[in-house]
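Okay, thanks for making time, everyone. I'd like to walk you through one structure today, so have a look at the screen and we'll go feature by feature.

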Amino acid sequence: MTEIKELYDLNKTIAAKLFEGKTYPWEVLDEIKPFILKLGDTLSEDEFDHPAEGVWIAKDATVFPSAYIGSPCIIDHGAEIRHCAFIRGSAIVGKGAVVGNSTELKNVVLFDGVQVPHYNYVGDSVLGHLAHMGAGSITSNVKSDKTHVVVKEVGNHVDTGRKKVGAMLGDCVEVGCNSVLNPGTVVGRNSNIYPTSCVRGVIPPNSIYKNAGEIVTKK
């Protein structure tokens, strides 16, 4: 339930080649920055503005004047970067995605149609097609003891080899308001997380996470 092929439709991101040859989504985290710089140089000047070194913004994207966009970054067609969004860098924002008021991004891939619209922190994470994080929900990307993040599912614990890993959200995942996704959380496709949840480990696809002891299959 943690492999790229089980979580994402790679036709729904400009970054599909970033995932080639990899098994798990967190394997792309070290390569997001160089990938952006390489891909950006190939983007059409007719379709993308290049307002700063390492920054490419689709001409039909909407970027509010108060937003901060750090390098490197690619903002794809039709995306909306709203008031006071803070893109620290190493971020790919997919087609039609929304990065909202006071939302912070760092070292992330947002697939097409992702919405992180209100007071979200998303760091060292991959969010699949149409994933949505409710207001105030965040990815926690560092353990308190600063040791490697281990992704834990029943019968399979994988050491990521990284001290910083946020959340891997599959396509069409819905995260309720004010939830915390602990380091190394993986949420399978089409699953829902109840508001104010504290989530860790691997949540199966097509599930509803009510609390750690109550995860039910959607009917």
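Quick bit of vocabulary before I start: two strands pair here if DSSP finds at least two bridges between them. And keep in mind as we go that this is a predicted model.

So, with that word in hand, go to residues 207-211, which are strand β24, and residues 214-217, which are strand β25. Those two pair in the antiparallel sense, over four bridges. How many residues sit between β24 and β25 in the hairpin they form? Two residues. If you want one contact to click on, take Tyr 209, whose bridge partner in β25 is Ile 215.

Okay, aromatics. The count comes to five aromatic pairs. One I'd pull up is Tyr 24 with Trp 26, a stacked pair with 4.7 Å centre to centre and 5 degrees between the planes. Are those two rings' residues buried or exposed? Tyr 24 counts as buried because its relative accessibility is 18%, and the cut-off for buried is under 20%. Trp 26 is at 4%, so Trp 26 counts as buried too. There's also a cluster to look at: ring pairs link Tyr 8, Phe 19 and Phe 111.

Next up, cysteines. How many disulfides does a search of the whole structure find? Zero. Why is Cys 172 not bonded to Cys 177? Well, the closest cysteine sulfur to that of Cys 172 is the one in Cys 177, and it's 18 Å off, so that's too far for a bond; the cut-off is 2.5 Å. Cys 177 is in no disulfide either, and there the nearest cysteine sulfur belongs to Cys 198, 16 Å away. As for accessibility, Cys 172 is at 31%, so Cys 172 counts as partly exposed, and Cys 177, at 37%, counts as partly exposed as well.

Now, pockets, for those of you itching to dock something. The largest pocket holds about 210 Å³ of space. It's lined by 13 residues, and the closest to the pocket's centre are Lys 143, Val 150, Lys 152, Pro 183 and Arg 200. Split by class, that lining has five nonpolar, five polar and three charged residues.

Let me stay on one of those lining residues, Val 150. Which strand is Val 150 in? That would be β15, residues 150-153. Val 150 comes out at 26% relative accessibility, so it counts as partly exposed. And here's a pairing in space to check: Val 150 and Thr 185 are 35 residues apart along the chain, with 9.3 Å between their C-alpha atoms.

Last topic, backbone geometry, so get your torsion plots out. The peptide bond from Ser 71 to Pro 72 is cis, and omega is near -5 degrees. Where does Pro 72 sit? In the loop between β4 (68-69) and β5 (73-75).

Then there are two positive phi values to flag. Tyr 119 has phi near 55 degrees, which is positive in a residue other than glycine, and Tyr 119 is in the loop between β11 (115-118) and β12 (121-127). Asn 178 isn't a glycine either, and its phi is positive at about 60 degrees. Its loop is the one between β18 (174-175) and β19 (180-181).

Okay, that's my tour. Over to you.

Technical notes: Residues numbered from 1 in each chain as written. Predicted model: local features only at pLDDT ≥ 70, side-chain atom pairs only at ≥ 80, totals over all residues. Heavy atoms only, no water. Phe/Tyr/Trp six-rings, centres within 6.5 Å; stacked < 30°, edge-to-face > 60°. Buried < 20%, exposed > 50% of the residue type's maximum accessible area, 1.4 Å probe, protein only. 1 Å grid on protein atoms, 1.4 Å probe; cavity = no way out; pocket = protein on both sides within 12 Å on 5 of 7 lines; lining within 4 Å. Points joined across faces, edges and corners; volume = space filled by probe spheres on them. Nonpolar A, V, L, I, M, F, W, Y, C, P; charged D, E, K, R; others polar.
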